[in-house]
Amino acid sequence: MTEEEVATCIRRAAEGAQDAHRELYQRFHGAVRRVALGYSALGPAEVEDVVQETFVRAFRELPRLQHPRAFGSWLVTIARHHAQSLSRGAQLRGRAAEDLALELESTTPAIPPALELERRVAVVRELIESLPEGPEKETVRLFYLEGELSAREIAERLGLGKSAVTMRLERFRARVKRQLLSRLLAAGVG
């Protein structure tokens with residue numbers, strides 16, 4: 001794209017032509033992305049945010065641009081300011097998280113192993129109780145809450161084959177694995 005074509009495209013974009021916006025984006029998004037990538041504190045989502053926000057701001061302010069030749073450097077300046085702002089925020093959040101972690105380490109007493117086990121059992125019990133009544137709940141209750149029966153013994157008690165019991169237990173594990181992990185993490189256990 002020649003300088004004259006860029007100037008024409010800028011003029012059309014300032015008047016609201018969407019195809020001109022797309023052309024300018026295609027022409028300059030690489031330069032904006034390189035600016036954002038230069039800030040090591042920014043992750044991929046923040047880099048994308050810098051690119052998008054830069055073009056949103058530039059297109060909104062485009063009618064005020066007096067010299068179309070300055071568009072590229074103006075765009076890079078907008079990107080740099082936004083990237084610096086996000087980078088400072090990311091660094092501050094990182095420091096705050098580190099400070100909080102150190103503070104929690106020094107002020108939070110360790111959970112005794114017996115209490116930790118009790119909390120885990122309570123979470124498992126709650127998950128099992130939330131299951132709908134039926135054969136799967138009975139199988140899971142016998143296996144996890146009574147805890148002394150093998151899959152073969154449960155199968156004999158329920159009049160099933162061992163593979164049916166194993167399949168029910170696997171379905172239960174697959175269904176609640178995510179929920180269990182999120183609850184344990186939320187409870188501070190793990």
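In these legends, a residue is called buried when its relative accessible area is under 20%, exposed when it is over 50%, and partly exposed in between (1.4 Å probe, protein chains only). The views show a predicted model, in which local features need pLDDT of at least 70 and side-chain atom pairs count only at pLDDT 80 or more, while totals for chains, interfaces and linings use all residues. Residues are numbered from 1 along each chain as its sequence is written, and side-chain values use heavy atoms, with hydrogens and water left out.

**View 1. A salt bridge joins Glu3 to Arg69.** Arg69 is exposed, having a relative accessible area of 71%. Its side chain meets that of Glu3 at 2.4 Å, N to O; a salt bridge here is a side-chain nitrogen of Lys or Arg within 4 Å of a carboxyl oxygen of Asp or Glu. The pair links distant parts of the chain, with Glu3 in helix H1 (residues 3–14) and Arg69, 66 residues apart from it, in the loop between H3 and helix H4 (71–107). Helices (H or I, at least four residues) and strands (E, at least two) are DSSP runs, numbered from the N terminus. The structure holds nine salt bridges, the pair of Glu3 and Arg69 being one of them.

**View 2. Helix H3 has a buried side.** H3 covers residues 44–61, 18 residues in total, and reaches 26 Å from its first C-alpha to its last. This is close to the expected 26 Å at 1.5 Å a residue, where the expected span is 1.5 Å times one less than the number of residues. Buried residues of H3 are Val47, Val50, Val51, Thr54, Phe55, Ala58 and Phe59. Because they cover an arc of only 145° around the axis, they lie on the same side of H3; the arc is that of the directions from the helix axis to the C-beta atoms. On the face turned away from this buried side are the exposed residues Ala45 and Arg60.

**View 3. Thr54 is one of the buried residues of H3.** The relative accessible area of Thr54 is 0%. Beyond the residues up to four places away in sequence, Thr54 touches Val32, Leu75, Ile78 and Ala79, contact meaning heavy atoms within 4.5 Å.

**View 4. Ala20 is buried in helix H2.** Helix H2 comprises residues 18–37, and Ala20 within it has a relative accessible area of 0%. Leaving aside neighbours within four places in sequence, Ala20 is in contact with Cys9, Arg12 and Ala13. Ala20 and Ile10 are ten residues apart in sequence, and their C-alpha atoms are 7.1 Å apart in space.

**View 5. Lys137 in helix H6 forms salt bridges with Glu129 and Glu133.** Helix H6 comprises residues 135–146. Its twelve residues should span 16 Å at 1.5 Å a residue, and the end C-alpha atoms are 16 Å apart, which agrees. The buried residues of H6 are Glu136, Lys137, Thr139, Val140 and Leu142. Lys137 counts as buried at 8% relative accessibility. Its salt bridge with Glu133 has closest N and O atoms 2.8 Å apart, and Glu133 counts as exposed at 71% relative accessibility. In the salt bridge between Lys137 and Glu129, the closest N and O atoms are 3.9 Å apart; Glu129 is partly exposed, with a relative accessible area of 44%. Not counting residues up to four places away in sequence, Lys137 touches Ile128, Glu129, Leu131 and Pro132.

**View 6. Arg168 is buried and has no salt bridge.** Arg168 lies in helix H8 (residues 162–186). The nearest side chain of opposite charge, that of Glu136, is 6.9 Å away; Lys and Arg count as positive and Asp and Glu as negative, while His and the chain ends are not counted. A polar contact of 3.1 Å joins Arg168 to Thr139 through their side chains, and the Arg168 side chain also reaches the backbone oxygen of Pro135 at 3.5 Å. A polar contact is a pair of N or O atoms within 3.5 Å; within protein, one must be able to donate a hydrogen and the other to accept it, and residues adjacent in sequence count only if both atoms are side-chain atoms. Outside the residues up to four places away in sequence, Arg168 touches Pro135, Glu136, Thr139, Leu158 and Leu160. Lys137 and Arg168 are 31 residues apart in sequence and 8.8 Å apart in space, C-alpha to C-alpha.
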